Amino acid sequence: MIRRALSLAAVALAIVLMAASSPIVVSGQLLAYQDGFVFFTTGDGFRVAHDVVIHDAKSGAATSLQPEPRVWARATFDASGTVTELDLSRAPLPPQGDFANVTRFAVAISSPLPNPDLLKAVETPAPGEALATTQHFSGRPVLVTFIVQVPSVTPFTAAVYITTDTSGWNAQAIPMDRVDALHYQITRRFNSGTIFHYIYDRGSFQSAEIAQNGLQRTPRNLVVTDADVRVIRDTVAAWQDQVNGGVNQVQPQIMPTPYNPAPFPNLPSGPSPRPNPPGRPPGL
């Protein structure tokens with residue numbers, strides 16, 4: 001009996017060890033693949049092994065398809081939570097696994113915090129009160145992913161950019177990748193402690209985003225805090241050139257010049273008036 005019990009215990013232990021060591025597999029659509037991380041459209045990001053194996057999801061053979069936005073992938077995790085294999089497909093893959101089981105492996109994402117360098121000076125606390133703590137920035141590189149939802153009237157072939165004060169408000173400073181009909185994304189690396197203001201546009205200031213009330217939008221502010229990755233989700237209310245009264249053409253000059261002989265192109269066409277010769281009544 002004792003020998004049989006020991007045998008059963010050994011079998012149970014082997015089953016437990018096999019279950020614990022079996023890889024975890026999930027499938028989904030990719031949002032980005034950059035600098036040793038893979039991001040899914042669920043918003044989860046995971047570390048990728050330096051020797052990750054990439055296969056075709058249907059055949060299991062090697063593939064020339066690369067991990068990129070909108071590609072479907074089946075990810076295999078090892079015991080440490082690192083992605084060791086990606087099986088790729090252009091077509092949607094059947095659901096497999098549950099992202100809730102791999103959330104513990106997701107890279108840390110910090111919540112937005114105010115920049116302490118911009119905060120007002122902290123007053124000396126009263127006796128018995130603790131001094132307010134501040135957040136420190138290490139300056140280490142941080143992956144920042146911008147995901148923006150655009151209005152439904154945005155042309156399908158439109159390119160969307162991020163313009164920043166640090167780029168001198170260059171309207172095409174940071175080009176974004178289209179994910180689907182309403183979303184664009186881009187991942188860039190910034191050092192912790194980086195601060196800048198930004199807005200979205202479609203390549204020019206005539207097509208920049210505006211506020212929901214139709215007026216000029218206050219630029220957004222980004223403070224990069226210590227984290228492995230940051231995910232910024234924004235929504236564009238409207239484009240300036242797609243609202244009534246929006247600026248969608250060059251404004252006319254006040255006076256005609258040799259370089260601009262027709263400063264008012266919207267005037268009705270017709271013969272130009274000529275002055276009456278001396279002695280002729282007006283209108284003849």
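The following paragraphs go through the nonpolar cores of this predicted model and the strand β11.

The largest nonpolar core has 21 residues. Those that touch the most other members are Val144, Phe146, Ile162, Met176, Tyr198, Tyr200 and Leu222. Three strands each supply at least two residues of this core: β6 (141-149), β10 (183-191) and β11 (195-201). The largest share comes from β6, with four residues. Another core lies apart from this one and consists of 18 residues, including Val26, Val52, Leu65 and Ala73.

Strand β11 can be followed further through its burial and its pairing. Five of its seven residues are buried, so β11 is largely enclosed by the rest of the structure. Strand β7 (residues 161-164) runs antiparallel to β11 and is joined to it by four bridges. Within this pairing, Tyr161 has Asp201 of β11 as its bridge partner. Strand β13 (residues 220-223) also pairs with β11 in the antiparallel sense, again over four bridges. Here Ile195 is bridged to Val223 of β13.

Tyr200 gives a view of the surroundings at the level of one residue. With neighbours within four places in sequence left aside, Tyr200 is in contact with Phe146, Val148, Val160, Tyr161, Ile162, Met176, Ala208, Glu209, Arg220, Asp234, Val236 and Trp239. Among these contacts, Phe146, Ile162 and Met176 are also listed with Tyr200 as core residues that touch the most other members.

Conventions:
Residues numbered from 1 in each chain as written. Predicted model: local features only at pLDDT ≥ 70, side-chain atom pairs only at ≥ 80, totals over all residues. Heavy atoms only, no water. Core = buried A, V, L, I, M, F, W, Y, C linked by side-chain atoms within 4.5 Å. Buried < 20%, exposed > 50% of the residue type's maximum accessible area, 1.4 Å probe, protein only. Contact = heavy atoms within 4.5 Å. Pairing = 2+ DSSP bridges.
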